[in-house]
Amino acid sequence: SRVERDTVTYNQMVSACEKGVQWVHALQLFREMAHGRVQRNSTTHSAAVSACEKSVQWVQALLLFHEMADSRVERNTITYSAAVSACE
């Protein structure tokens, strides 16, 4: 049986990509959510920013960070921390 992809399952997949330092795959899943009209929240954005940060993709991390404001998604401590770390 196939698992329905919702915000929670996508968040888990993006987080797994973050832990595995798979930033490209994390961004693919992140973009797939928009195309599939799946709600992206602060957890989704934070995991994607962190995936980029851990892969030393600071430009991508900051683009995602700024995209949060455009999408009206609240930034949190985790997101700010990942964005700052990406610039170090």
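**Cysteines, rings and salt bridges in a predicted model**

The sulfur of Cys87 has its closest cysteine sulfur in Cys52, 12 Å away, which is too far for a bond. This residue is partly exposed, as its relative accessibility of 48% indicates. The model discussed here is predicted, and a look at Cys17 gives a similar story. Its nearest cysteine sulfur also belongs to Cys52, at 11 Å, and that too is too far for a bond. Cys17 is buried, with 7% relative accessible area. A disulfide would require two cysteine sulfur atoms within 2.5 Å, and the structure holds zero disulfides.

Aromatic contacts come next. One aromatic pair is present in the structure. It consists of Phe65 and Tyr80, whose ring centres are 5.1 Å apart; the planes meet at 70 degrees, so the arrangement is edge-to-face. The angle falls in that class because planes over 60 degrees apart count as edge-to-face. Phe65 belongs to helix α4 (residues 58-70) and Tyr80 to helix α5 (residues 77-86), so the contact ties together parts separated by 15 residues in sequence. As for solvent, Phe65 is buried at 9% relative accessibility, whereas Tyr80 is partly exposed at 44%.

The ring of Phe65 has a further partner: the charged end of Arg75 sits over it, 4.0 Å from the ring centre. An arrangement of this kind is also found at Phe30, where Arg40 lies over the face of the ring at 4.1 Å from its centre.

Helix α4 also contains Trp58, which is partly exposed with a relative accessibility of 47%. Together with Val59 and Leu63, Trp58 forms a nonpolar surface patch, and the accessible area of the three comes to about 310 Å². In helix α5, which also holds Tyr80, one finds Ala83. Ala83 is buried, at 6% relative accessible area. Its C-alpha atom is 7.6 Å from that of Ser50, although the two residues are 33 positions apart along the chain.

Turning to charged side chains, the count of salt bridges is four. Among them is the bridge between Arg5 and Glu32, with an N to O distance of 2.5 Å. This pair links distant parts of the chain, with Arg5 in the segment before α1 (7-19) and Glu32 in helix α2 (residues 23-35), 27 residues apart. Arg5 is partly exposed at 39% relative accessibility, and Glu32 is partly exposed at 33%.

Another bridge joins Glu18 and Lys54, at 2.7 Å from N to O. Glu18 lies in helix α1 and Lys54 in helix α3 (residues 42-54), so the contact ties together parts 36 residues apart in sequence. Its acidic member, Glu18, is buried, with a relative accessible area of 12%, while Lys54 is partly exposed at 41%.

The side chains of Arg31 and Glu67 also meet in a salt bridge, at 3.2 Å from N to O. This bridge connects helix α2, where Arg31 is located, with helix α4, where Glu67 is located, and the two residues are 36 apart in the chain. Arg31 is partly exposed, with 33% relative accessible area, but Glu67 is buried at 18%. Salt bridges with shared partners bring Arg31, Arg40 and Glu67 into one network. Arg40 thus appears in two settings, as a member of this network and as the residue over the face of Phe30.

Methods:
Residues are numbered from 1 along each chain as its sequence is written. This is a predicted model: local features need pLDDT of at least 70, side-chain atom pairs count only at pLDDT 80 or more; totals for chains, interfaces and linings use all residues. Side-chain values use heavy atoms; hydrogens and water are left out. Rings of Phe, Tyr and Trp (its six-membered ring) pair if their centres lie within 6.5 Å; planes under 30 degrees apart count as stacked, over 60 as edge-to-face and the rest as tilted. Helices (H or I, at least four residues) and strands (E, at least two) are DSSP runs, numbered from the N terminus. Buried means under 20% relative accessible area, exposed over 50%, partly exposed in between (1.4 Å probe, protein chains only). A charge sits over a ring if NZ of Lys or CZ of Arg is within 6 Å of the ring centre and within 35 degrees of the ring normal. Patches are made of residues with over 30% relative accessible area and no salt bridge: like charges are joined within 9 Å, nonpolar side chains (Val, Leu, Ile, Met, Phe, Trp, Tyr) within 5 Å. Accessible areas come from the Shrake-Rupley method with a 1.4 Å probe; for residues, only the protein chains shown count as cover.
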